[in-house]
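Here's a quick walk through a few local features, from cysteines to a greasy bit of surface. Have a look at the model first.

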Amino acid sequence: MDNKSKYPGLTSVEVANRKARGETNLTTPPTTRNFKQIFAENSLTLFNFINLIIAGFIIYTGSYKNLLFLGVIVSNTFIGVYQEIKAKRNIDSLTLLNQSKAVVIRNYEKLEIPQDEVVKDDLIMIRRGQQIIVDGVIIETEGFECDESQLTGESDPVEKTTGSEVFSGSFVVSGNAIMQATKVGSESYTYKLTQEAKETKGIYSELILMLKKLIRILTFIIIPVGALLMVTSIASGTHLDKAILGSTAAMIGMIPEGLVLLTSVALAVGVVKLSKKKVLVQTMGSIETLARVDVLCLDKTGTLTSGQLKVVEQEVFENSGLGSEGFEELVGAMVHGLDEDNATGQALMNAFNCPFKQAQPLKQIPFSSARKWSAISFEKMGSFYMGAPEYLFETFNETQIDKMKEAMAHGLRIIAVAKSQIDIENNELPTDLNLLGFIYLEDEIRPEAPQTLKYFKEQEVDICIISGDHPETVSQIAKRAGIERPDKKIDMSQVSNEDIPELIKEYRIFGRVSPEQKKRLVEALQEEGHVVGMTGDGVNDILALKKSDCSIVMSNGSDAAKGIADFVLLDSNFDSMVGVVLEGRKVINNIQRVASLYLTKTVYSMVLAALFIFLSSPYPFQPIQLSPISSLTVGIPSFFLALRPNTAPIKGKFLKNVFEPALASGFSVVFFTIMTEIVGNMLNWSYDEKSTVTVWLTGLICFIALHYIAKPITWQIRLLIGVLLSVFLLIFIFFESIFSLVNVFSFHLMIYYVPMMILAPFVFYSLKKVFHYLFNIKIKKQKI
């Protein structure tokens, strides 16, 4: 880049004065929540508020040992805050590395500075692929077009001329210009829209949103059920303190207090792990989305291929009137006059660096992905066009067709060069175009691409190639990369948008695709029920990237593409996508396990609370008695399971996978609790004896459920369950008084609960089959 400019720009003193007045672009949108927001989100929750109310009632009874559950709440809050802050620091550090620069003119010099150092009245150079970061006015341009879809909702390019206004949030689809910043930072007209577009979706994901919806439903149940239970217990003659302890135990049991925490922790840990692999996660929830992707749409250039194009051959036709040297000089004049900084433009400028010295550009039309061509006119020389052959010409002679077929068979990109005597007007092709020659470019396949594509094939992820190149060229690249059915290709320039829903059922190689068609292809796949991932690197991919369920961009891609992506691969390594998928699978598989454990407690607590409203007996649990069950069968194992390296493909529906074991174990607890209540009343057991046996059997069933949910069982899992079961047994031997239990080894108790222990696995697995059958019936009805 020539560092000299004909414009003076701001002086150092003027820049300093504007910074002193606060006229800087410092208030760029944050990518993560601040520390205050993180702490508030993890601590000021509805469930924590309910727990504090419960604690107040327990304090009233004077049974302070029953406040043990608060320790779990406090530790959960601190763990959540710590993990999210750790993830935030990793994201912020990678975002800083990935932050785009702005080229400004100051003191007649072109300087590259961080975007937040731009000040009001700065002269900013903007080029194709960049996102406009401040509001401004164009002071010089030649054929400059913006996509303002983030502002207007319309994706058609808007042509800008000298004096036109441009707004932050829009991005450049063709050409380049110099603009003067008029509004910076929070004063810019579209700052809020830009903030919304760039701001991370936070730690939330589809899983967390689903769990939060479940929690909102529980919230409306917990307080009324707890209040009714306490009122009916007092009415039936239960002492006030015992009624309070019973109802608070029921309410504590219904709260899956660590479920959202562990989901957040699992996602945050995933973000940290991916950051170490040079993957910037801009939306945390996208980790799980990519794991669910079953169709991956790839833009060929920059994804399957390196994007480092090089000219391998040129061909000058006899009727051009140019020799090889004259053709090279002409192309050199064209590409240096157009000054395109995309991959094709750079390759051409490197190959043709000896332009006509007497060529004086008069007017130009920069390249755009929709047009597929560019044009420039020179004084006393005429107008020249460069682009995809079939977009410039409708027919070719037999020799030209053979040349194109041969080049495309080798996966080469073809650029036609043509001349017209008619002046350039209104972005329309003239009628007198004369083909001068072809230029052939080669783009090498990324070394890691075949291995990565093989992995996705093994994981039953369908691959679509969506490219602006000729379908035959794309097909050959796909064949070399090892993609299945590379011959199933179609030229999208010959079809209408109405045909796309049918085309996606047959084809997987799409050539000559316009940016709007890329978006429509993604939409059509989504309408078929697919979860669609999209990779790309240029402005022509942005519409599709925004529409996809999960978007991935290489770090050498355009600023605008990186700005809206869910993932940025900082080392531009296509193979990194495998790690992202595996991390997402860990999150989903492990959260399913964790959710089942937490919801087991919620299920039996809700059902028992509802039943004991109508029974004349006090609730069988006290808060202190739920602590060992919650800690040993849910809390401790869930932390190990949430971070387990389980990368198996996602199978079945999330709710079905979660609720089948939770309902089976929950209703097993209900069955044995009611049996214990009936038998205990028949044998005149005391409340403490019935409560002790209920806690014992509940813990046993929860361990059975844990053994099922933790599959596949490794020696580490066996050791974990063995240690936790031993601790549970030790509580009944040495700490019975602390947990309000009686001697569980009394013969009159053992004669009942030993047969129940033998029966427990059969009850759990029988109920599991029942709920499995019921869920399958529901799924079949939904499909019908």
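## Cysteines, a covered helix and a surface patch

The sulfur of Cys297 sits 4.7 Å from the closest cysteine sulfur, the one in Cys464, and that is too far for a bond. A disulfide here needs a pair of cysteine sulfur atoms within 2.5 Å, and by this rule the count is zero.

A caveat on where this comes from: the model is predicted, so local features need pLDDT of at least 70 and side-chain atom pairs pLDDT 80 or more, while totals for chains, interfaces and linings use all residues. Residues are numbered from 1 along each chain as its sequence is written, and side-chain values use heavy atoms, leaving out hydrogens and water.

Here is how three residues come out on relative accessible area, where buried means under 20%, exposed over 50% and partly exposed in between (1.4 Å probe, protein chains only).

| Residue | Relative accessibility | Class |
|---|---|---|
| Cys146 | 0% | buried |
| Cys297 | 0% | buried |
| Phe734 | 58% | exposed |

Phe734 belongs to helix H26 (residues 715–734); helices are DSSP runs of H or I with at least four residues, numbered from the N terminus. Phe734 also helps make a nonpolar surface patch of about 630 Å², together with Leu729, Leu730, Ile733, Phe735, Ile738 and Phe745. Patch members have over 30% relative accessible area and no salt bridge, with nonpolar side chains joined within 5 Å; a salt bridge is a Lys or Arg side-chain nitrogen within 4 Å of an Asp or Glu carboxyl oxygen.

Helix H17 (residues 471–481) is mostly covered, with eight of its 11 residues buried, including Val474, Ile477 and Ala481. Just after H17, Gly482 takes a positive phi of about 90°.

Definitions and conventions. Patches are made of residues with over 30% relative accessible area and no salt bridge: like charges are joined within 9 Å, nonpolar side chains (Val, Leu, Ile, Met, Phe, Trp, Tyr) within 5 Å. Accessible areas come from the Shrake-Rupley method with a 1.4 Å probe; for residues, only the protein chains shown count as cover. Helices (H or I, at least four residues) and strands (E, at least two) are DSSP runs, numbered from the N terminus.
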